[in-house]
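Thank you all for coming. I would like to take you through a few enclosed spaces, one helix and some ring pairs, so please have the display open while I speak.

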Amino acid sequence: MAEDDARAYVLAFENNNTEAARFASQTAQRLQHGECKLVDIIKATGEYLQNTDPKIRERATNYLSAIISALPTKTLTRHDIPVLNLFLCSRIQDGGAIDGLSKLQRLDRYSKENAQELAQAIFDNFSDMSDRKQAERYQVYMLLNELLSNHRQAMLDMGDGSLLGYVHVVGGEKDPRNLMLIFSMLRVFMIEWDVSKHVDTMFDAVYAYFPITFRPPPNDPYGITAQDLKDRLKDCLASTGTLAPSTFPNLLDRLDSTSEVVKKDVLQALAACASNYDPATIAQFSIPLWDAVKFEVLQAQEPFLADEALNVIKNIAICLSRKASPHAPEWKADPLIQYLKPINKECLEHLQEPASRQAGASGDILKAAASATARSFEVVIKAIGPALFSLQQSSEGINNQRAILSVVNKVFEASIEVYGSWTAPSEKNKEEQPTLLAEFKDRLLAIYSRALMSTVREEVSYRLAAAKGLLLLAEQKHLVDENEIGLIVQHFNEIVLDEESYGRDELKQRVMQSLAQISQSRPRLITDITFPKFIARLPDDEDQAAASKDYQSVLEGLAEISVGKDLLETLIRRLLNKLDILVQTSGQQYPYTCAILSTVYYVLDRSARDPQLSLDSYFQRVVVGFARKAASASDGPLADETVLNLLGRTVNLIIRRSSNENKDEAAQNIYNLFRETSSNGAHHTSLILPSNVLILSTWILAALPKSSNAGILGEPLIPLIRILRKQADRNTSTKYSVAVEQACLKQITILINKHVSKQEDIAEVERFFYSAVECVSGSSSGQAEEGERDWHCAVRYLFTISKACLLRLMRFADQILISLINLLESLPPEKARYLALGFGTLLSQDEILSKVNEAQIRLLAPQRVFQKIVPMFSEHFRDPKATQEQKETYLIALSGILGSVSSDIVMPELPTLLPLLLQSLEISDANQNVKVATLETMMVVITKNPDALIESGHIPALTRRLVAAATLPKASRKSAKASAAMKTNKSIDTTMTDAPSSSVSSSSPKTRQLALHCLTLLPQHVKDQKTPNPLLSLKREVLNGLAICLDDPRRDVRKEAVDARARWFRNVDDADDSDEE
């Protein structure tokens, strides 16, 4: 029976693995039930195991491995396992033996002697694996790794034999997947074995791979990155200080490399070694390490290299602050002091010239060293503290004093990292020790206060450094008391409230942010000191606001500092009290009222980012109270469209973050606005006629969830949509108001998108759409017209319905797109161009119809619209009957769609889209929005899919069009220069600038800048490895065109032109030249 199963397995293995596994399973069951013995099975496979064909031997070995895998873990006895182990070890080079041994060593009864026997067999048979395939090598390494994991003590008992055996087997490996295993195993040996007798062997085994230059292939199935390998290699080098005499000298030699990547790897490895080696080892190398690493900070070429070097300096200080091992040799002096002494000395020497580059870098070094531990901070501050005061007193000039303050600020930051702040305790100071800055506190407060408050306002950078220092002092735990923090708060208040604006108001912004940070730890100080002063500066009415003109900065400050719950509630309460007074006034414009409403909205929106926070407490006061006032207002702020929209945003936010009961109450008062009336307004146009009611009701309707069925939302919606449509039409025939029309159309959008759900209602919406199409097309074909405004309103109504339906992908979505494109073809040119502009609204972001307001926006809607519309545009564009005006109209419509979809949607349609994009760059310069949308799309194409551009053969055409779009005509350049001269010289005759303005057509500054940016990207991404550079033949032409752009009147355009020329000079060259480089 055993012979039959063995024969069947061998025959079935190559063609039917499932059948072969069944035979192995049958044999395992018989072995488990005692129907046969292990010796019988081995004898049965003997003729195959001794066959001269290696494939037959591999199948026989696989047969034994499959049997072992199918057996329960307790089946094989302590007598069976050694027999199998010895047998498979003798056949270890045959295919399948490794797999069987891997399964065998996982068994509970696998002994220490078996593991050592297996390890020795591997060492003897796999000392050279250079001629084996990667998969075979990986199997061996996996088995070695399992032995190390499952039988660690057995490997330890082998002593140097296992250590050297492993190293010899893994030597010379290059495959990244295998190296990940090898580095892990070598790290175990370095940590748990005594490697002192084999330092050179272990170091060479690891350091041979430094630095890692691996680049993963595209679509790597294993997902191994270069950083993964670097991290494993770094862990090996940092695993034991025994390697230090070899590791540090070799790494420091590599630090002289010209490659920034290599330098970064070296510095990260040094930092890891400093973190893991024992203090006694690091003490021997601390000074040489400092001498080598300091240049990467003092003469830094790249900020990231300086950061890595500072990390090395800091980790050395952390290591030397630890107590050395009791077996380590004793040192004559504290190694931390020995290490920090030259650092402090050299940094102080550089600080003698505070404004120099090395002085700023010295501040970074001192911060890194001082922030390591409390001990290192003590050593640093005692060495440099008095010297910094002397330097500050003796320094002449604002620049030098600012540089000193900046260095001291870095010491403050180190102190906070070590000793903690009021809001963030430090793990390095578990004993809650006070900072050593306490002895300098009074002098520091005096110096910083004087620098902030007694310096002229033009010295912004100096005062910014002082403001930052005072904030850092206030944050120090157990350093300044509450009265002293109160003094700092008063200084900040004076700057915000009493100083006039200067430049970009950087100081005021910094101070307001500082007050906000102080409010987190000392809210009472802000409430008692800052709030009363700020509120007192707010005007009582619009006239006072117009006279003062500083209320904006006061409101910004109040919004910035009100981060805590108590401060927030206090601010909202006081601002709402101001609003109660303001809405009772009258006037023409209400900027102050708008500013207060904007502040309320900003603060509430910031607090509402917490998903657990509810705004129910503001529902009655804001939503109900101000809605009632707005409903009855005929003049004043609550009749102003800008004020109403700001109030509507706030109302919308509060309703969205309120309870379901409040949402139902809002739904019942969409048009009543919480007034005491007997009707809900669904069928009474008199209640929805005023613009103030319409605007507010739009925001309320948008805030309600689509599941709401209270009030009018529980009644038939089609009549309401008709009423709103009539309201929009009536608005065009009477005194026209953009806000009224927009409110009506937005409400129609909301109702169709969120609340129309019944099939009969959807069918009615479809009829609305086709009726709108007939209205738009009919009024252009000679039928009775109600005026240009009526037709424009009909177009906007058409796109309102279209957007609502397309975003939720109603069943007739495709017919909507077909109808809209057919309209483009049938309308006269001017009207078709206006209709084309509407395509930009179909997928554009909308504050009303948004995910936040629970609008139905299907994830696939943009993709489906784009994939449907691009082929249709392309077909119409290629139609020989299409006129040039019609083609331009299609491109305008396409640009509107392009501006609203992501690059992931655009890329699959690129072959169809690319000819259209090129044509878009040639249309008349009056359509700058089309060019902008096209150029933004081309930037994405060049960056993400340059191969498609190369394959299309459109590189020359695209490049020449980009140069043309980036170039300002000569007459326009003269006109721009004349205009600039007129601004600086009032005596220039104005007739000089009149002529060209109307006759010269040119691209807008944004268009020119985007075109130049595309030209900058081309040499960077368009590179064909198989053929000569396709840009090479265009180089001279492009450089000549860019030379003209260097004379552009706009600075940002000129800068982009400089970057583009530099890129074309460097990157576009002959293949031979690039190879030489």
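In the second largest cavity, it is α27 (506–521) that supplies the largest share of the lining, with 3 residues, and I should say at once that we are looking at a predicted model. Along with α27, helix α25 (460–475) also supplies at least two residues of that lining. The volume of this cavity comes to about 110 Å³, and its lining divides into 4 nonpolar, 1 polar and 7 charged residues. Among the residues you can pick out around it are Arg457, Arg463, Glu499, Glu500, Asp505, Glu506 and Lys508.

Let me set beside this the largest cavity, which holds about 140 Å³ of space. Its lining is made up of 15 residues, and those closest to the centre are Gly385, Leu388, Phe389, Val408 and Leu444. Two or more residues each come from α22 (374–394), α23 (398–419) and α24 (441–453). By class, the lining of this largest cavity has 13 nonpolar and 2 polar residues, and no charged ones. In total, the count of cavities of 30 Å³ or more is 7.

Now to the largest pocket, where about 520 Å³ of space is found. Of the 19 residues that line the pocket, Leu745, Arg796, Phe799, Thr800 and Thr841 lie nearest its centre. The elements giving two or more residues to this lining are α39 (738–755), α41 and α43, and α39 gives the most, with 6 residues. The classes here are 7 nonpolar, 7 polar and 5 charged.

Helices α41 (788–807) and α43 (829–837) come up again around helix α42, since they are included, together with α40, α44 and α45, in what covers the buried residues of α42. Those buried residues include Ile816, Leu817, Leu820 and Leu824. How far apart should the ends of α42 be? At 1.5 Å a residue, its 14 residues, 813–826, should span 20 Å, and the end C-alpha atoms are indeed 20 Å apart, which agrees.

Finally, the aromatic rings, of which a search of the whole structure finds 18 pairs. Take Phe619 and Phe674, whose ring centres are 6.1 Å apart and whose planes stand at 85°, so the pair is edge-to-face. Because Phe619 lies in helix α33 and Phe674 in the loop between α35 and α36, the pair ties together parts that are 55 residues apart in sequence. Both Phe619 and Phe674 are buried. Elsewhere, ring pairs link Phe123, Tyr166, Phe189 and Trp193 into a cluster.

Key
Residues numbered from 1 in each chain as written. Predicted model: local features only at pLDDT ≥ 70, side-chain atom pairs only at ≥ 80, totals over all residues. Heavy atoms only, no water. Helix = DSSP H or I, 4+ residues; strand = E, 2+ residues; numbered from the N terminus. Expected span 1.5 Å × (residues − 1). Buried < 20%, exposed > 50% of the residue type's maximum accessible area, 1.4 Å probe, protein only. Contact = heavy atoms within 4.5 Å. 1 Å grid on protein atoms, 1.4 Å probe; cavity = no way out; pocket = protein on both sides within 12 Å on 5 of 7 lines; lining within 4 Å. Points joined across faces, edges and corners; volume = space filled by probe spheres on them. Nonpolar A, V, L, I, M, F, W, Y, C, P; charged D, E, K, R; others polar. Phe/Tyr/Trp six-rings, centres within 6.5 Å; stacked < 30°, edge-to-face > 60°.
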